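Q: I'm new to this one. Can you walk me through what is shown here?

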Amino acid sequence: MLISSIYTGSSVLSNSQAKYDIPLHKAAVTDSLIIQDYLLSSSDDGTVQISRIIDLSPPQVNTLKLYESIGVARNLAFFRAPNAEVDKVAVSYDSGEITIFTIDRNTLRNPVQPTTFRNINSRVNTFKFTPDGSKLLIGYFTGELVEIDLISGASRTLFKVDSWLNALDINSQNLVAIADDQGFVRIISLATGKVVEEHQISSTGINAIIFTNDQTILAADAAGIVYQGKLMGGH
C-alpha cells in the first residue's frame with residue numbers, strides 16, 4: 001500500500017487495484033505515513049493527527065489531533081526499533097520547531113505528551129533519526145546540521161554550510177551524508193563533526209540523498225539528474 005499527501009487536505013492510499021481518498025485536515029496535508037496500524041498526518045495549519053482506518057470504501061476514520069503549533073507542520077520522520085512495541089515519530093515546522101511523539105497501539109485512546117525542541121529559528125529542511133533511535137539529525141534552511149540527543153535533550157551543531165542544507169542520510173557506521181543547494185555532497189563523521197569527504201557533483205541544488213549501503217550513495221539534483229557514488233578509502 002502506497003500513501004501520498006495532497007493539497008486538498010487528504011491522504012491517498014493506493015494499491016494495485018484502487019485509490020482511496022481519506023479526508024484528514026481542513027488545510028493541505030504536507031506529509032503522511034502509516035505506523036502501528038495508524039495513519040499519521042501533518043498539515044499546513046500546524047496540526048498533527050493520528051487516525052485509525054475503520055473502512056476504505058467509503059473511507060471512514062477515527063481521528064485524534066495529537067498536536068498543534070504555530071506555523072506549517074512540514075514533514076514526518078519515524079524510528080522503529082526491532083521487536084519494539086513503541087515507535088518514535090518526529091514532526092518538523094518551518095519555525096524550526098521539532099516535536100517528538102511516542103506511538104503505540106494505545107495512542108489513539110491515551111496519547112503521551114510529546115517533547116518539543118527549538119534549537120534554531122530557521123525552517124527545518126530535512127531530518128532523520130540515527131540508526132539506534134537515540135538521536136535526531138536536523139538540516140536547516142540556514143545551513144546548520146544539528147544533532148539532538150533524545151535521552152539527555154542536549155544538542156550540538158555538527159557542521160554548517162553557507163547555503164541551504166537540503167537533504168541528509170546516515171549509515172550504520174555513523175557517517176552522515178549531507179547535500180546543499182550549491183550541488184555539494186559532504187560526508188561527516190557523527191563522532192567528530194569533521195568532514196571526511198566533500199564533492200561538488202552538480203551545478204544546481206541537490207534535493208535528495210540516500211545511502212543504499214554503507215559505502216554507496218544515491219543523490220538527485222534539481223534538474224532531475226540522479227548520481228551514484230562510492231565513499232573513498234573505506235572510512
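A: Here is a short tour, going from the whole chain to its sheets and then to a single residue.

Q: Good. Where does the model come from, and what is its average pLDDT?
A: The model is predicted. The chain averages a pLDDT of 90. In all, 95% of the residues score at least 70.

Q: Where is confidence lowest, and where is it highest?
A: Strand 1, residues 2-5, is the low point, at a mean of 64. Strand 17, residues 175-180, is the high point, at 98.

Q: What should I do with a low stretch?
A: Where pLDDT is low, the predicted coordinates should not be read in detail.

Q: OK. How many helices and strands are in the chain?
A: There are 22 strands and 0 helices.

Q: What is the radius of gyration of the chain?
A: It is 18 Å for the chain. A compact globule with 235 residues would have a value near 18 Å, so the two agree.

Q: And what box do the C-alpha atoms fill?
A: Roughly 55 × 40 × 35 Å, taken along the principal axes.

Q: How much of the chain is buried?
A: Buried residues make up 48% of the 235 residues.

Q: What about contacts between residues 24 or more positions apart?
A: Such pairs account for 38% of the contacts with a separation of 6 or more.

Q: On to sheets. What is the order of the open sheet of 4 strands?
A: The order is 8-9-10-11, and the pairing is antiparallel. Strand 8 (73-79) and strand 11 stand at the edges. Each has a single partner strand, so one side of each is left without a neighbour in the sheet. The twist averages 20 degrees from one strand to the next.

Q: What holds paired strands together in general?
A: Strands of a sheet pair through backbone hydrogen bonds, either parallel or antiparallel.

Q: How do strand 9 and strand 10 pair?
A: Strand 9 covers residues 87-93, and 6 bridges pair it with strand 10 in the antiparallel sense. Val89 stands opposite Phe101 in strand 10.

Q: What lies between strand 9 and strand 10?
A: The two strands form a hairpin, with 3 residues between them. Gly96 sits in that turn and has a positive phi of about 100 degrees.

Q: And what joins strand 10 to strand 11?
A: There are 4 bridges between them, and the strands run antiparallel. Strand 11 spans residues 115-118. Here Glu97 stands opposite Arg118 in strand 11.

Q: Is strand 10 mostly covered or mostly open?
A: Mostly covered. Strand 10 runs over residues 97-103, and 6 of its 7 residues are buried.

Q: Let's switch. What is the order of the open sheet that 3 strands form?
A: The order is 20-21-22, with antiparallel pairing. The edge strands are strand 20 (206-213) and strand 22 (226-230), and each pairs on one side only. The twist averages 20 degrees from one strand to the next.

Q: How many bridges join strand 21 to strand 22?
A: There are 5, and the strands run antiparallel. Strand 21 is residues 216-221. Leu218 has Gln228 in strand 22 as its bridge partner.

Q: Last topic, Ser10. Which strand is Ser10 found in?
A: Strand 2, residues 10-14.

Q: Is Ser10 buried or exposed?
A: Ser10 has a relative accessible area of 6%. Buried means under 20%, so Ser10 is buried.

Q: What does the side chain of Ser10 make a polar contact with?
A: The side chain of Asp21, at 2.7 Å.

Terms used
Residues numbered from 1 in each chain as written. Predicted model: local features only at pLDDT ≥ 70, side-chain atom pairs only at ≥ 80, totals over all residues. Heavy atoms only, no water. Pairing = 2+ DSSP bridges. Axes fitted to C-alpha atoms, helices over the stretch in contact; angles between N-to-C directions. Buried < 20%, exposed > 50% of the residue type's maximum accessible area, 1.4 Å probe, protein only. Polar contact = N/O pair within 3.5 Å; in protein donor to acceptor, adjacent residues only side chain to side chain. pLDDT = per-residue confidence, 0-100. Rg over C-alpha atoms; globule rule 2.2 N^0.38 Å. Contact = heavy atoms within 4.5 Å.
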